Amino acid sequence: MSNEKKQWDPSQLRKYDISLEQIPRYDYCDPRVDEIMDENVRQKPVIIQNSNVVASAKKWNLDYLEKYMGNGDYTVFLSRNHKFKYYDDKKVAKINNGDMGKNVEFTQPTKKVDMKLPEFLKRLYLQQGLNNTVGPEIVRDFLNFDWDFCNGKQTKHNWGPLTYNLLLIAMEGNVTPCHYDEQQNLFAQIYGYKRCILFPPSQFECLYPYPVYHPHDRQSMVDFDRPDYSKFPKFKEAKGYEAVIGPGDVLYIPIYWWHHIESLMRGGHTITVNFWYKDGPNSSISYPLKDYQKVAIMRNIEKMLQDVLKDPREVGPLLRTMVLGRFT
Ligand SMILES: CC1(C)c2ccccc2-c2ccc(C[C@@H](CC(=O)O)C(=O)C(=O)O)cc21
Ligand SMILES: [Zn+2]
């Protein structure tokens, strides 16, 4: 670590029993950034340093945002603990943990409320699309992001259109549990420090995602704080990549890569803006298929089975019948 004052301390990281290696960091103009991001070569995570993607937001802090975010209502998530699990209420099966046998009623782990920014207190996670509800100063800062940089990445790596910019304000210690998204993600850290743990799509069998029709679709069923190795034995073999990112860092989270994100304990609140891009048009399917394409295939099979079987509890037994003793 260079002699600059260390901005965080390892004691602020939560302790997990996972083997981790560091995510590489390069300057934004270093050619290795695009080599690593190149989907035909490796498409791995990389931290892009000293870019000016969100330099216009350098001055953002809670006071500034409170002052200029306007009096709009913002989407805030409350949690009974430090974990904020994504929840899709459009999903059919409100059955916990994929235990299709026991019809355990699904308990929503986070509550979504709309509130004014000043009410934004501890244990809350504000996730707000940057749109016209925010004040003109914020819009100006947003328009002054270095869009040439992002558009350059979108073009160079054949991504689809930008779908969303989320403004994320998290309280210290907040955790977004391990999940994957079906979008390319430029994750721009603005204020405070976040620890990110990523796993490649090839580790699908070590991370045990919920069934696709479950409200926690795309999330790992493994509780990193207390892994149940009897239910999830392969979690012991998971090999992750980690980094702590701070103001000015942009983490590239490749599409379908698993990520667990935590705001450092005792580190104060954090502010992030992410840039989600759809995947590009698959010009031509080339073999062997990429790991993330196999995840997409498994998702389609689960969706098709759910559609034709109707009762989600029949999907597991049918798959077991089809595979056990025949393909295993
Ligand atoms: C936890 C929260 C607020 C949430 C609650 C309910 C529904 C959705 C979400 C949601 C979606 C994205 C993030 C940002 C980020 C994780 C992070 O920075 O914590 C991330 O995963 C990404 O950028 O892909 C955070 C959230
Ligand atoms: Zn995500």
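Is Leu-318 buried, partly exposed or exposed? This predicted model gives a clear reply. Leu-318 has a relative accessible area of 34%, so it counts as partly exposed. The cut-offs matter here, because buried means under 20% and exposed means over 50%. Leu-318 sits in helix H7, which covers residues 315–323. Together with Met-322 and Phe-327, Leu-318 makes a nonpolar surface patch of about 310 Å².

Now step back to the whole chain. The protein has 7 helices and 14 strands. Of its 328 residues, 52% are buried. The exposed surface comes to about 16400 Å². Carbon and sulfur atoms supply 53% of that surface. Contacts often reach far along the sequence. Take those between residues at least 6 apart: 84% of them join residues at least 24 apart.

Next comes the metal site. The zinc ion (ligand 2) is held by three residues: His-179 through NE2, Asp-181 through OD and His-259 through NE2. The coordination distances run from 2.0 to 2.1 Å. Along the chain, the donors follow the spacing H-x1-D-x77-H. His-179 and Asp-181 are both buried.

Asp-181 has another partner. It forms a salt bridge with Arg-218, with the closest N and O atoms 2.8 Å apart. This pair links distant parts of the chain, 37 residues apart. Asp-181 lies in the loop between strand E8 (175–179) and strand E9 (184–191), while Arg-218 lies in the loop between H5 and E11. Arg-218 is buried, as is Asp-181.

Glu-182 also forms a salt bridge. Its partner is Arg-299, and the closest N and O atoms are 3.6 Å apart. The pair spans 117 residues of sequence, from the loop between E8 and E9 to helix H6. Glu-182 is partly exposed, at a relative accessible area of 35%. Arg-299 has just 5%, so it is buried. Through shared partners, salt bridges join Lys-91, Glu-182, Asp-217 and Arg-299 into one network.

Follow Arg-299 into its helix. H6 runs over residues 291–309. At 1.5 Å a residue, its 19 residues should span 27 Å, and the end C-alpha atoms are indeed 27 Å apart. Several H6 residues are buried, including Tyr-292, Val-295, Arg-299, Leu-305 and Leu-309. The buried residues of H6 pack against H5 and H7. Just after H6, Lys-310 takes a positive phi of about 65°.

What of H5? This helix covers residues 204–207 and contains Cys-206. Cys-206 has a relative accessible area of 8%, so it is buried. Leaving aside residues up to four places away in sequence, Cys-206 touches Lys-234, Phe-235, Glu-237 and Ala-238. Cys-206 and Phe-232 are 26 residues apart in sequence, yet their C-alpha atoms are 7.4 Å apart in space.

One more charged pair deserves a look. The protein has 15 salt bridges in its count. Asp-249 forms one with Arg-25, the closest N and O atoms being 3.0 Å apart. Asp-249 is in the loop between strand E11 (239–245) and strand E12 (250–253), and Arg-25 is in strand E2 (residues 25–27), so the bridge ties together parts 224 residues apart in sequence. Asp-249 counts as buried because its relative accessibility is 9%. Arg-25, at 34%, counts as partly exposed.

Key
Residues numbered from 1 in each chain as written. Chains lettered and ligands numbered in written order. Predicted model: local features only at pLDDT ≥ 70, side-chain atom pairs only at ≥ 80, totals over all residues. Heavy atoms only, no water. Patch = residues over 30% accessible without salt bridge, like charges linked within 9 Å, V, L, I, M, F, W, Y side chains within 5 Å. Areas by Shrake-Rupley, 256 points an atom, 1.4 Å probe, with all protein chains shown as cover. Salt bridge = Lys/Arg side-chain N within 4 Å of Asp/Glu carboxyl O. Helix = DSSP H or I, 4+ residues; strand = E, 2+ residues; numbered from the N terminus. Buried < 20%, exposed > 50% of the residue type's maximum accessible area, 1.4 Å probe, protein only. Donors = N, O, S within 2.8 Å, 3.2 Å for Na, K, Ca; no water. Contact = heavy atoms within 4.5 Å. Expected span 1.5 Å × (residues − 1).
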